[in-house]
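The exercises below each set a task and then work through it step by step. Please look over the sequence and the model before turning to the solutions.

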Amino acid sequence: MHNNNFLEKIIEKDIKKGFLKENISFRFPPEPNGYLHLGHVKSIYINFYLAEKYKAPFILRFDDTNPIKEESRFIQAIKKDIKWLGFKWFKETYASDYFFKLYKLAKKLILKGKAYVDSQNKKEIKEQRKTSYEVGIKSPFRNRSKKENIKLFKKMKDGFFNEGECVLRAKIDMNSPNIKLRDPIMYRILKKKHYKTKNKWVIYPTYDWAHGQNDFLEKISHSLCTLEFKHNNPLYNWFIIQIKNKNNVILPKQYEYSRLNLNYSIMSKKKIQILIKKKMVDNWDDPRLPTICGLRRRGFTPKSISNFIKEIGISKRENNIDISLLEFHLKKHLNKIADRVMVIFNPLTLIIENFNKTKWLIEKNNHNSEIYRKIPFTREIYIESKDFLETKKDNFFRLSIGQKVRLKSAFLIKGKSIIKNNNGNIKYILCQLYKNKTNNKATLHWISKIYSFPININFYGNLFKYPNKGKNFSNYVNENSKIKAKAYAEPYLKNAKPENKYQFIRSGYFCLDKESRSQNLIFNQIVSFKKKY
């Protein structure tokens, strides 16, 4: 990002106006109710990038205000994902750290006549808020006295009321065209155990109340979020104005940027949970999902993801990014780091008549590496059945009877004759070996038949049939997004590790799946050279 994006321009403008650089700070506030996905990476990257540029703190703050959905396991998973991506936070905080301070600030609003306890249920409140084109209906409890509201709010905190019996609402404008300003709920009663504060609280702040106030308490200067929160901006500012005092130097401001939308994929924890519940994907780390744990299991690299985020840039314009751009950056990085190995999917046996020993060939693992591996060359080898034609055709330069081809990293061979079984199918091809180094139009990959071993393959395609899914997204899941296959590999792959990446020559990039066992190696296709599905 060499040219300043619009967020950098805002910050530069603030600095020119006298805002001190040492007061700049950023945060990433994930809700621990699921796993991070690719959309979150954009948010992490933006905040981290700006924090690094302005030498400002980058705070990881967990938005844990809902005890119903949040779990400590998600906290650990989120931290693991962020570390894997290569980002480091200055400080780790929790919205629950500020529960008491938020409670005191809420009392401050009540005493200012800007908040009240509403004894209506959720359904009644929603009906009274109406729509943007209608006049809202004021709550019959809107004009309760400050003294009564303070008393009732304390009773809420002390557990006197049942869930849903009453809420604390901000008193703003029931006629505002922005529904967010129609007396939003600040606190609700939830008699649930919080994973961190246990049973200490029975009232919990809503996102609308907690988010901006936590920014205020942590002295976040620039609160960055996606465009879906644009309508929250006036409410964010209204709350800040109500709680500030003349001594406050840093007042946070909210700025919105476009969220990441990826064709043929999905960027919503709620929707991913639906797919898991319907058993359309295995779990959060299913390699077809854009979750960070899913991408890691699939074989993506942090660098390729980071380069992808850099290229799409930061703007206010919503758009759908084609998945091919992500795959482009992935292939570019894998081409530099992946070990090249030979794997055969549909084996055809070749018998080399004039070769009767095992010769161990030495081959470089990658053109960027100085690491070599040994490949056994034997009398019987496998090639892909598609690399042989009984009768040579024009523009077919692979193996046929009378045709010479080169075996990768080995020798020239020529097809001599075909041996078939009783059903008329090819049993094997008899070949002649030539040790000269004559150039040829075709080079075939191969493996030794006796040294090869079977492996299982998971081929992956797009999770959805169409680029954009709409509301009925689960109806468009691609039933061919995962296809299982078997193959035969050269012995080098017996020592494969999950974090290693491999290029199966002429097939694509693969990595070992976490469910593999020593006698049952399973490889996930990271990305193919050509799009299959």
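A salt bridge is counted where a side-chain nitrogen of Lys or Arg lies within 4 Å of a carboxyl oxygen of Asp or Glu. The model used throughout is a predicted one.

**Exercise 1. A pair within the salt bridge cut-off**

Task: Find how Asp 215 and Arg 27 are joined, and state which elements they belong to.

Solution. Begin with the distance: the side chains of Asp 215 and Arg 27 come to 3.2 Å, N to O, and the pair therefore satisfies the 4 Å limit for a salt bridge. Next, place the two residues along the chain, where Asp 215 belongs to helix 7 (residues 207–217) and Arg 27 to strand 1 (residues 26–28), so that the salt bridge links distant parts of the chain, 188 residues apart. Finally, consider accessibility, taking under 20% as buried: Asp 215 has a relative accessible area of 0% and is buried, and Arg 27, at 1%, counts as buried too.

**Exercise 2. Two further salt bridges**

Task: Of the 31 salt bridges in the structure, examine the one between Lys 53 and Glu 8 and the one between Asp 513 and Arg 297.

Solution. In the pair of Lys 53 and Glu 8, the closest N and O atoms are 2.8 Å apart. Lys 53 lies in helix 2 and Glu 8 in helix 1 (residues 6–16), with their positions 45 residues apart in the chain. Lys 53 has a relative accessibility of 34% and counts as partly exposed, whereas Glu 8, at 0%, counts as buried.

Turning to Asp 513 and Arg 297, the closest N and O atoms are 2.7 Å apart. Asp 513 sits in the loop between strand 28 (508–512) and strand 29 (522–528), while Arg 297 is part of helix 10 (residues 292–298), 216 residues away in the chain. Both Asp 513 and Arg 297 are buried, and they belong to a network of salt bridges that also takes in Asp 285, Lys 514 and Glu 515.

**Exercise 3. Two packed helices**

Task: Are helix 2 and helix 11 roughly parallel or roughly perpendicular to each other?

Solution. Helix 2 (residues 38–53) and helix 11 (residues 302–312) pack with their axes 10 Å apart and at an angle of about 70 degrees. Angles of 65 to 115 degrees count as roughly perpendicular, and helix 2 and helix 11 are therefore roughly perpendicular to each other. Helix 2 makes the contact through Leu 38, Val 41, Lys 42 and Tyr 45, and helix 11 through Ile 305, Ser 306, Phe 308, Ile 309, Lys 310 and Ile 312. Sorted by class, the contact of helix 2 with helix 11 has seven nonpolar, one polar and two charged residues.

**Exercise 4. A covered helix**

Task: How many residues of helix 8 are buried, and which elements do they pack against?

Solution. Helix 8 (residues 233–243) is mostly covered, since eight of its 11 residues are buried. Among them are Leu 235, Trp 238, Phe 239 and Ile 243. The buried residues of helix 8 pack against several elements, including helix 4 (99–111), strand 5 (167–170) and helix 7.

**Exercise 5. A glutamate in a strand**

Task: Describe the surroundings of Glu 363, which lies in strand 15 (residues 359–364).

Solution. With a relative accessible area of 18%, Glu 363 is buried. The side chains of Glu 363 and Ser 409 are joined by a polar contact of 3.0 Å. Apart from neighbours within four places in sequence, Glu 363 is in contact with residues including Tyr 372, Arg 373 and Lys 408.

Conventions. Residues numbered from 1 in each chain as written. Predicted model: local features only at pLDDT ≥ 70, side-chain atom pairs only at ≥ 80, totals over all residues. Heavy atoms only, no water. Axes fitted to C-alpha atoms, helices over the stretch in contact; angles between N-to-C directions. Helix = DSSP H or I, 4+ residues; strand = E, 2+ residues; numbered from the N terminus. Parallel < 35°, antiparallel > 145°, perpendicular 65-115°, else oblique. Contact = heavy atoms within 4.5 Å. Nonpolar A, V, L, I, M, F, W, Y, C, P; charged D, E, K, R; others polar. Buried < 20%, exposed > 50% of the residue type's maximum accessible area, 1.4 Å probe, protein only. Polar contact = N/O pair within 3.5 Å; in protein donor to acceptor, adjacent residues only side chain to side chain.
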